[in-house]
Amino acid sequence: MSSPRVLIAGNWKMNGRLSEATSLAQAVAKGAKTGGAELLICPPFPVLASVKGVLASAPVALGAQDCHAKVSGAHTGDVAAEMLRDVGCSYVIVGHSERRTDHEETDGDVRAKAEAALRAGLKPIVCVGETLAQRDAAQTLGVVADQIAHSIPETATAANVVVAYEPVWAIGTGRTPTVEQVAEVHAKIRADLEARFADGASFRILYGGSVKGSNAAELLAVANVDGALIGGASLKAEEFLAIAAAAPDRT
Ligand code: PGA
């Protein structure tokens, strides 16, 4: 099986006023190394263009946290994938559990957003993951398989789509699954991708949920873990860079 380059992605969520966002981006850009893991930061919409300016030619990619499925039109408050591409994004997170919960996004919505991202030339990071109740009811593998089946577009390839497994109960809680639990879900996602896509073996599957500098090496060493999606710890440049430094070098 080919091993894709590790992706370390920071999801800033609804954090970062302009001055904080630009200084955080500056610090990440300053510490970013060429080679090793690919770095990505996903700030909130209003600061994307300014952060892009700060990143300049640093080896740090820019992404957004959501997009609308349509190109343009009467959708007050929404942002099209094309607009994100226009301000310098190359990735967009879709289907984060906070979107699925706060905005009642379904797998169908997530898939439409992922298709919009592909249409605009962005790489969607499609998020999946079970709730604690689902894990306790031994439904994890079924729930995740269902989300994978219905949220990922038919035209997905390893080069243009990233998958992120984020157990909802591990997000922002400081709790992480055991390495065995991570390995089990990632192996199932890999098997499902291989069954459906010719290059399923090469898709990047990120783990997300309470990743920090001190647990990154252990989580990133798990089979079929090709990177991390990081919330809280991505708001501190040194912590984010420490996670990147803990990533296996597959370049
Ligand atoms: P966390 O968030 O790292 O703060 O747990 C991860 C995420 O929601 O992407």
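Visitor: In the lining of the largest pocket, how many residues are nonpolar, polar and charged?
Guide: A pocket here is an open set of points on a 1 Å grid over the protein atoms alone, where a 1.4 Å probe fits, with protein on both sides within 12 Å along at least five of seven lines, and lining residues have an atom within 4 Å of a point. The model is predicted, with local features needing pLDDT of at least 70 and side-chain atom pairs pLDDT 80 or more, while totals for chains, interfaces and linings use all residues. Residues are numbered from 1 along each chain as its sequence is written, and side-chain values use heavy atoms, without hydrogens and water. Asp, Glu, Lys and Arg count as charged, and Gly is among the polar residues; the lining divides into six nonpolar, five polar and six charged.

Visitor: Which residues lie closest to the centre of the largest pocket?
Guide: About 430 Å³ of space, the volume filled by probe spheres set on the grid points, lies in the largest pocket. Of the 17 residues that line this pocket, the closest to its centre are Lys13, Met14, Gln65, Arg99 and His103.

Visitor: Which pocket does the ligand take?
Guide: A molecule sits in a pocket if more than half of its atoms lie within 2 Å of the grid points. The ligand's space is the second largest pocket.

Visitor: How many residues surround the ligand?
Guide: A residue is counted if one of its heavy atoms lies within 4 Å of the ligand. The closest include Lys13, His96 and Glu166, and the total is 13.

Visitor: What percentage of the ligand's accessible area does the protein cover?
Guide: Polar contacts (N or O pairs within 3.5 Å) join ligand oxygen atoms to the side chains of Lys13, at 2.7 Å, and Glu166, at 2.6 Å. The backbone of Gly231 also has an N or O atom 2.8 Å from a ligand oxygen. Of the 280 Å² accessible on the ligand alone, by the Shrake-Rupley method with a 1.4 Å probe, the protein covers 95%.

Conventions. A polar contact is a pair of N or O atoms within 3.5 Å; within protein, one must be able to donate a hydrogen and the other to accept it, and residues adjacent in sequence count only if both atoms are side-chain atoms.
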